[in-house]
Amino acid sequence: MPNHSQTHLDPRSPLVLDTRELPRRPGAMRTVRRVVPAPADLGLELIRVPDGADLTLDLRMESVSEGVLVSGTASAPTAGECGRCLRPISDSVVVPIQELYAYEHSTTDETTDEDEVGRLQGDLVDLEPALRDAVVLALPVTPLCRDDCPGLCPECGVHWDELPAGHSHEQVDPRWAALTQLHQKEE
Ligand SMILES: [Zn+2]
Ligand SMILES: [Zn+2]
């Protein structure tokens, strides 16, 4: 018997799909549409799906010879901060999902690693790992508040939008500063 290291799945968990209603006959199909609360830490450091936000699953479960193919989309709002100016961003993301879950003891089960192909656990599918991978792939590593965000002045940290044109921090040579002071004393 292959060594199944999975933990026991809870069929009531929002990201667990139940395939009991799906006949194990290639071509049989069921749709799954549900809105579930997003799990914690779904996304990247700078942008993510807020914990508990509405995550809309629009999926199709299809029997194939070796298991169940789950495909469709997951969509959710996102929140984060601009990678250039740190302003808050709110957006949304639609991610494609396509994942094969092999039947236990199928040829695929016996001949592939679990990180290559998912596994059915009894009649249950754990969608969460595929969902996490898809969301991470879909989100930008450096999210921007707008495409041409100019970021912050590196000297004073103020957004370039709020600074006058030609804003700069002139480097005053300390020797010139001393001369200026001398002039002021003479006047
Ligand atoms: Zn920005
Ligand atoms: Zn500045």
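Along the chain, the donors of the zinc ion (ligand 1) are spaced as C-x2-C-x59-C-x3-C. In this predicted model, the pair C82 and C145 ties together distant parts of the chain: C82 sits in the loop between β6 and β7, C145 in the loop between α2 and α3 (174-186), and 63 residues separate them. The full donor set is C82 (SG), C85 (SG), C145 (SG) and C149 (SG), at 2.2 to 2.3 Å from the metal. The geometry comes out as tetrahedral, because the four donor atoms subtend angles of 105 to 113° around the zinc ion (ligand 1). Cover varies among these cysteines. C82 is buried, at a relative accessible area of 0%, and C149 is buried too, at 3%. C145, on the other hand, is partly exposed, with a value of 28%.

The other site, around the zinc ion (ligand 2), uses a mixed set of protein donors: C153 (SG), C156 (SG), H167 (NE2) and H169 (NE2), which lie 2.0 to 2.3 Å from the metal. Here the spacing along the chain reads C-x2-C-x10-H-x1-H. This site is tetrahedral as well, with angles of 95 to 114° among its four donor atoms. As for its cysteines, C153 is buried, having a relative accessible area of 3%, while C156 is partly exposed at 34%. With cysteines turning up at both metals, what about disulfides: how many does the structure hold? The count is zero.

Stepping back to the overall fold, the chain has three helices and nine strands. In sequence order the elements run β-β-β-β-β-β-β-α-β-β-α-α. Of the 187 residues in the chain, 33% are buried. Long-range pairing shows up clearly in the contacts: taking those between residues at least 6 apart in sequence, 59% join residues at least 24 apart. The accessible surface of the chain amounts to about 11,700 Å², and carbon and sulfur atoms account for 50% of that area.

Now for the interior. The largest nonpolar core contains 36 residues, and L55 and L127 are the ones with the most contacts inside it. At least two residues of this core come from each of β2 (29-37), β4 (47-49), β5 (54-64), β6 (67-81), β7 (88-102) and α2. Which of these elements gives the largest share? That is β7, with five residues.

L127 deserves a closer look. Its place is in the loop between β9 (124-126) and α2 (128-138). Is this loop residue buried or exposed? L127 counts as buried because its relative accessible area is 0%, and the cut-off for buried is under 20%. Setting aside neighbours within four places in sequence, L127 is in contact with L15, L17, L57, L59, V70, I97 and Y101. Some of these partners can be placed on the strands that feed the core: L57 and L59 fall within β5 (54-64), V70 within β6 (67-81), and I97 and Y101 within β7 (88-102). A further link reaches back towards the start of the chain: L127 and V16 are 111 residues apart in sequence, yet their C-alpha atoms are 5.8 Å apart in space.

Conventions. Residues are numbered from 1 along each chain as its sequence is written. Chains are lettered from A and ligands numbered from 1 in the order in which they are written. This is a predicted model: local features need pLDDT of at least 70, side-chain atom pairs count only at pLDDT 80 or more; totals for chains, interfaces and linings use all residues. Side-chain values use heavy atoms; hydrogens and water are left out. Donors are N, O and S atoms within 2.8 Å of the metal (3.2 Å for Na, K and Ca); water is not among the atoms, so sites may look incomplete. Four donors count as tetrahedral if all angles lie between 85 and 135 degrees; four count as square planar and six as octahedral if opposite donors are over 155 degrees apart and all others between 65 and 115; anything else is irregular. Buried means under 20% relative accessible area, exposed over 50%, partly exposed in between (1.4 Å probe, protein chains only). A disulfide is a pair of cysteine sulfur atoms within 2.5 Å. Helices (H or I, at least four residues) and strands (E, at least two) are DSSP runs, numbered from the N terminus. Contact means heavy atoms within 4.5 Å. Accessible areas come from the Shrake-Rupley method with a 1.4 Å probe; for residues, only the protein chains shown count as cover. A nonpolar core is a set of buried Ala, Val, Leu, Ile, Met, Phe, Trp, Tyr and Cys residues joined through side-chain atoms within 4.5 Å.
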